[in-house]
Amino acid sequence: MIEKMKLLHITGPKGDIDRVVKAYLNKYDIHFENAMTSLNNLKNVRPFVQANLYKDAVQKGEELKQYLDISKKTDLEITTKQANEIILNVYEEMADVLELQIEMQEKLRRLKEWMAQIAPFIGLDFELCKLRDFHFIDYQFGRIKVENYHKLEQYVLQNPYTLFYECNNDREYVWGVYFVPHTHLMEIEAVYASFQFENIQIPDDLEDNPREAFEQAKKLLVTYEQELERYQMQAMELVKVREQEILAACESLESYCNNFDIRKYAACTQAQKEEEEHYILYGWMSKRDAEKLQREIAMDEQIQCVEEEPSSDLNSKPPTKLKNPKILKPFEMFVEMYGLPAYGEMDPTWFVALTYTLMFGIMFGDVGQGACLILGGILFYRFKNMRLAGIVSVAGVWSVVFGFLYGSFFGFEEILPALWMKPMNHIMPTLMMAIGFGAVLILIAMILNMINAVRAKEYGRLLFHQSGLAGLICYGFVVVCVLLFLTGYEIPATILIGIVAGIPLIAILLKEPLIHLIERKNKIFPEGSKVMFFVEALVECFDVVLSYATNTISFVRVGAFALSHAGMMGVVMSLAGLEKGNPNWIIIILGNILVAGLEGFIVGIQVLRLEYYEMFSRFYTGNGKPFVSFTRRQSEDRR
């Protein structure tokens, strides 16, 4: 179901907005609307514009919190101004230590980068200062992929003008340095490039043996880390002295900054002479929460709150907040994927929960595999909070039910007696019943469309839409006529189709002028050629009749997958040699896993397609606006 909403108009002195948000509004889920959107025509109203004076203090507070145990709580309550002074004073006391810490972190960063540059070449047992003294020999450090290195080795062995010295390697690359006479540099350099040799520049200040230099850098790294730890301990000691004050200050500033964002939704009245400016907030809240808030602020003279019922003349469309029992919560995912219901529209969660799981069970009827779906779905839903897993577990219940009706247990057809029938023994009845089942669901979808039309006060859609009363009569009597044909009553069926089904089709064909007629519009027929109108109406009417047929036949897949499941498990049993009396249990187990996984995935998609295209499209618009709680959005932004 959809929660009933109230639009709240909240006003008060401009300087009191933070207290109101902290004391009252943060306790409730409220969807704020931009007040200026509704009040932009008023001359004495302007946006609530104010600079965040404590942004710098908040950033410094976050730096100080790294030295504290943030899991600790404090009972101190301080104002935002006091919090700002505390943070700035503590930060000033720590300025020297923090500066030394930043300098040491920079030294560590540069040293680690330097070590990363020379690490691949520590296998070179030669002082680099001597390499730089070469006058007739050039050299280049770099790396090459292993597969290309093996090709390069053959070239180096055959070419007297180059030498490659391997320094290091891993599974992907070989690092090294190649040497070449200066007179052949361009030629050899091009060859190495053709083998995708990547040049690497080593630090200019590296003079010693790379291995020795790397070992010395490691010792220096330890020294730097010890120095950094010492500075951090000093900072921690300075902060510990005022731990409770800092925690309280950070909490106060964080609360202020989180609530500061509310200003972008607010408007302000312009002060007249000595009058004080007031803020204006518009927000949607559930009817239950709105009543609680009104009771809570009843004695607060600084805040005024007026409630307004949702209506068509409001500038703001009410947001949609779904409220369903716990067992139906996972199915809200399918509704959200299609689109939330508009406020006042019927919530289809219960409908999709029932029809989706029922069709899944019909198409995937097996006691054993259904039980596995129930168990796996419950575990994943409970420990991973996966909504799809909750849907699978409920669908598994219907799989077990139809497994008993079909007499199927992990593909074994002889262990359980069929309480109803075995699909493979009744192929045509199974397919025909699937089509009949689909026809019933389409009729139910039409009834739901009529209910939604009444709620929206769209009486033209109620009476003349292809899924309205005219469509219900037309399609319903066609279904009755088909039953008469199948039972041997051809003449009454022909008469019914010609009369009872034909009249509603004419109403659907003329739905636009009929809608204009009941709405008492001046022009009954739309502008333009009446001939073209009737041509377009006939084409649309043909499309309606075709959609009735295709939508109904589409449900044949419900029966087809019931047959498919039985057929696939029959193949598994044949491969396992069940008929010979000594089955291969490994094949049976693997076959069950494969069929359950593959067919379960395909059936899940096919049932969802039937939901969206054959049923939802008939009665559901899904153009609702989601309810976005301000407090929940703030907590998500912090994460």
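Q: Two strands pair if DSSP finds at least two bridges between them. How do you know that β5 and β6 pair?
A: This is a predicted model, in which local features need pLDDT of at least 70 and side-chain atom pairs count only at pLDDT 80 or more, whereas totals for chains, interfaces and linings use all residues. Residues are numbered from 1 along each chain as its sequence is written, and side-chain values use heavy atoms, leaving out hydrogens and water. Strands (E, at least two residues) and helices (H or I, at least four) are DSSP runs numbered from the N terminus. Six bridges join β5 to β6, so the criterion of at least two bridges is met. The two strands run antiparallel, and Asn 168 has Trp 175 in β6 as its bridge partner. β5 and β6 form a hairpin with three residues between them.

Q: What makes β5 and β7 the edge strands of their sheet?
A: The open sheet has four strands in the order β5-β6-β4-β7, with antiparallel pairing. Each of β5 (163-169) and β7 pairs on one side only. β4 (residues 137-145) is joined to β7 by two bridges, so this pair also satisfies the rule of at least two. Arg 143 stands opposite Glu 198 in β7.

Q: Which helices lie against this sheet, and at what angles?
A: Contact means heavy atoms within 4.5 Å. Axes are lines fitted to C-alpha atoms, for helices over the stretch in contact, and angles run from 0 to 180 degrees between N-to-C directions. Helix α7 (residues 146-158) packs on the sheet, touching β4, β5 and β6 (173-181), and its direction makes about 145° with that of β4. Helix α8 lies across β4, β5 and β6 and runs at about 165° to β6.

Q: Why are the buried residues of α4 said to be on the same side of the helix?
A: The buried residues (under 20% relative accessible area; exposed is over 50%, partly exposed in between, with a 1.4 Å probe and protein chains only) are Ala 83, Asn 84, Ile 86, Ile 87, Val 90 and Tyr 91. They cover an arc of only 165° around the axis, which puts them on the same side of α4; the arc is that of the directions from the helix axis to the C-beta atoms. They pack against α3 (55-65), α5 (95-118) and α10 (243-260). On the other side of α4, Lys 81 and Glu 92 are exposed.

Q: Why is Ser 554 called buried, and Asn 385 exposed?
A: Ser 554 has 9% relative accessibility and therefore counts as buried. Ser 554 lies in the loop between α22 (530-553) and α23 (556-575); leaving aside neighbours within four places in sequence, it is in contact with Arg 609, Leu 610 and Glu 614. Asn 385, at 60%, counts as exposed. Asn 385 is found in the loop between α14 (367-384) and α15 (387-406).

Q: What makes the phi of Asn 385 notable?
A: Most residues other than glycine have a negative phi. Asn 385 is not a glycine, yet its phi is positive, near 55°.

Q: What makes a set of residues a nonpolar core?
A: Such a core is a set of buried Ala, Val, Leu, Ile, Met, Phe, Trp, Tyr and Cys residues joined through side-chain atoms within 4.5 Å. The largest has 49 residues, and Phe 334, Met 359, Phe 555 and Val 558 have the most contacts inside it. Helix α13 (residues 349-363) gives the most to this core, with nine residues.
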